[in-house]
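Open the model in your viewer and keep the selection panel at hand. The stops below are meant to be taken in order.

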Amino acid sequence: MNAQRKWTLLKLFTIWHNGSDAEGNSDLTKMEWEEVKKSLWHAFDVLDTTSHLKKIRTAQVPKTKLRVLTNNLGHLLSVEQAETIWDKVPKDNIDFDQFIDVLNKNLLVGLDKHSGAKLVGLISEIDNLCWMLCENVYRQRILDDTLENGENHVAVNGEKNVDGDYTNIIGSKQPPRIFCSGDCFKLWKIFNFLVERAEDKSLLFPLLTDIEEAERIASEICQTVGLPLPKVNPNQRRGSTDILLQSFLIDFSDFVKVIVKKITKDNDTRVISHGISEVYNQIMYDIVRKGYMVKFGNKVTAWKERWFVLNSSELKYYTNAEEKDLKGSIALCQACFTQSFPDKPGGRHHRFKLHTPGKHYELSAPDLKSKNEWMADIKIVVSHIGTGPSKDSLQLAALKERKKEREERRRRTAEEELNRCAEREKLLERERQLEEERRQRQLAQEEILERERLLALERQKRAEEEERRRRETNELLDEKKKEIDAERQRCADTEARLQAEREALMQQSKEELEAEREQRALVEARLREEEAQLEEERRRLKELEEAKAALEAMVEMERALKKDEEIVRNLQARILEEEYAKREELERLQAEQNKKLMEEQLTRQELEAAHRLKEEALRLAKEQLEALTREREMADQQLREANAKLKVLEMERMQQKS
């Protein structure tokens, strides 16, 4: 440990507040005891072989491995055979709390005997011892993870050269030299300063820090030496590729890997080393700002350029940036304040005055931005002074403020994410409902189409049945009509034949009667002649009797003819009765056909009524479908509006984060 590092630790412990240790070290400040505890935890952690090989912390180490570390601590604290303290411990595997408890009761009590620079030196030697034990293990962890990630360069693994740097011995692309042992030690101390604490400000084990602190340190290193700032995407989801396991907290090896990933590409390692030293000094010295300004001398009234260093209690100024020749210091208190002056033609620009209770200092910054930054930082330091011995350092207060801001930002982000998830769930639920409604509408539409198809098939079937029945009815009517026409024709033919026969018989009877009348007239004439000639015809009486008999025979024949005529008339009446019966049968068949036609018409009317009812139901279903379609369009519009609002919220969140 060189003198500068000892002075750094001494200055740091002087600034930090004092307090009694909860574990019994009354002469050590709480901060000093925590620094020792942090270093010992790193040493304890690397002794866990399982943690190194499998990346799983068992939080227990065999006490046989702790003997060497305990022996070395004993040499530093002038305790002989310190490793024998583990003989009294019955357990074979020791956790960290037991480890610290044993060291505190048997070994670290020796720190109470020292104070001041001696105590700071012992603590520094403990840091060196623990770092010597941890360094190779941490380098190997970083190397293994770098090779697993497929990167072309290895950050902190190699062998020392004459300059004390490490050159890489693994890899085929000749990667640049990065992070010497001194730089790694400084990053280790920075990491220890930035570790997370519980709400009661106690240390949390294992020691972890937030990944944003690593990114901030990388940005501070780049800003200090004038390198381009690394790009940080706040909206990028952190995962295993960002050296996180679903968490924002990382250990020291991941802390270094984040810094390496941010700043090592195409950058000079010596420039980066200078930046690490500057950031280390700022954090450990509690330095707020450094830079050149021109100071107006009080004794020699002239403007002289000086290198100013502002820490938490004073403003020092040197002849140059090497900070070897201290020209003076300005003690700051609550009564100090700054006063800005406007620029005057021909005079110094960007001037301001620092007022202290006993003296006033006139200063000139290189530019307006630097002037405002110096005045703002001095105001912050002055407001921080005089609030009591328990007040945190500026760096620690800034760390707590950053943590508070991170927690608040992440809480808001988590709430926004929960709100987005809830909104997304609502949208998904609405989409599911819309999908279900669309499916139901589709099923209803398919059912309606199926009903329409069935109705069409039924209508077609009924139309075919009606057409078939109509054809059959027409055919039957045609046949019946043909039969009726044929029967009518037969009846007409029979009636014509009978009429002809009747006319023939009448004509024959008339002719016979006419002949008979003529014969009777002749007979009467002869009888008159015979009566006149009775005497003369007596002899012909026999002939007259025979003629009379013949006449009687003819009368009998006439009677027979009349009887035959009566028979013909009866036959004609019977034929007419049969015709009337057939006509009645035809009329009955026609009545039945008309009845069937009426029934068909009634059935058709019922079918048409049922069809109208179904068409009315179809119309109502179509109206319901149109209403559902309008509701779906409204729901789709609401969904689009919700998606638009969600995109706007997402863009606003991205803009706020960026």
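The tour covers a sheet, a helix and its partners, two loops and a cavity, in a model that is predicted.

**Stop 1: the sheet**

Select strands β7 to β13 and show them as a cartoon. These seven strands form an open sheet with antiparallel pairing, and the order across it is β10-β9-β8-β7-β13-β12-β11. Which strands are at the edges? They are β10 (326-331) and β11 (337-340), each of which pairs on one side only. Looking along the sheet, expect a twist that averages 35° from one strand to the next.

Now zoom in on β12 (residues 351-355) and β13 (residues 360-364). Five bridges join this pair, in the antiparallel sense. Show the side chains of K353 and E362: K353 stands opposite E362 in β13.

**Stop 2: the helix across the sheet**

Add helix α11, residues 368-384, to the selection. This helix lies across β7 (287-296), β8 (303-311), β9 (314-318), β11 and β12. Relative to β7, α11 runs at about 120°.

**Stop 3: α7 and its two partners**

Hide the sheet and select helix α7 (residues 181-193) together with helix α9 (residues 252-263). Their axes are 10 Å apart, and the helices pack at an angle of about 115°. The crossing of α7 and α9 is right-handed. To see the contact, show C184, L187, W188, I190 and F191 on α7, then F252, F255 and I259 on α9. What classes of residue make up this contact? Eight are nonpolar, with no polar and no charged residues.

Next, keep α7 and swap α9 for helix α10 (residues 269-284). Here the packing angle is about 35°, with the axes 10 Å apart. The crossing of α7 and α10 is left-handed. From α7, select D183, K186, L187, K189, I190 and F193. From α10, select S273, I276, S277, V279, Y280, I283 and M284. The contact of α7 with α10 divides into eight nonpolar, two polar and three charged residues. L187 and I190 of α7 appear in the contact with α9 and also in the contact with α10.

**Stop 4: two loops**

Go to the loop between α7 and β5 (209-210), where P206 lies. Show the backbone of F205 and P206: a cis peptide bond joins them, with omega about 0°.

Then move to the loop between α4 (63-76) and β2 (93-95) and select Q81. What is there to check in its backbone? Phi of Q81 is near 50°, a positive value in a residue other than glycine.

**Stop 5: the largest cavity**

The structure holds three cavities of 30 Å³ or more. For the last stop, take the largest, which contains about 40 Å³ of space. Select R502, L505, M506, E565, V568 and R569, the residues that line this cavity. Which helices supply the lining? Both α12 (394-532) and α14 (541-657) contribute, with at least two residues each. By class, the lining has three nonpolar, no polar and three charged residues.

Technical notes
Residues numbered from 1 in each chain as written. Predicted model: local features only at pLDDT ≥ 70, side-chain atom pairs only at ≥ 80, totals over all residues. Heavy atoms only, no water. 1 Å grid on protein atoms, 1.4 Å probe; cavity = no way out; pocket = protein on both sides within 12 Å on 5 of 7 lines; lining within 4 Å. Points joined across faces, edges and corners; volume = space filled by probe spheres on them. Helix = DSSP H or I, 4+ residues; strand = E, 2+ residues; numbered from the N terminus. Nonpolar A, V, L, I, M, F, W, Y, C, P; charged D, E, K, R; others polar. Axes fitted to C-alpha atoms, helices over the stretch in contact; angles between N-to-C directions. Left-handed = near helix turned anticlockwise from the far one by under 90°. Contact = heavy atoms within 4.5 Å. Pairing = 2+ DSSP bridges.
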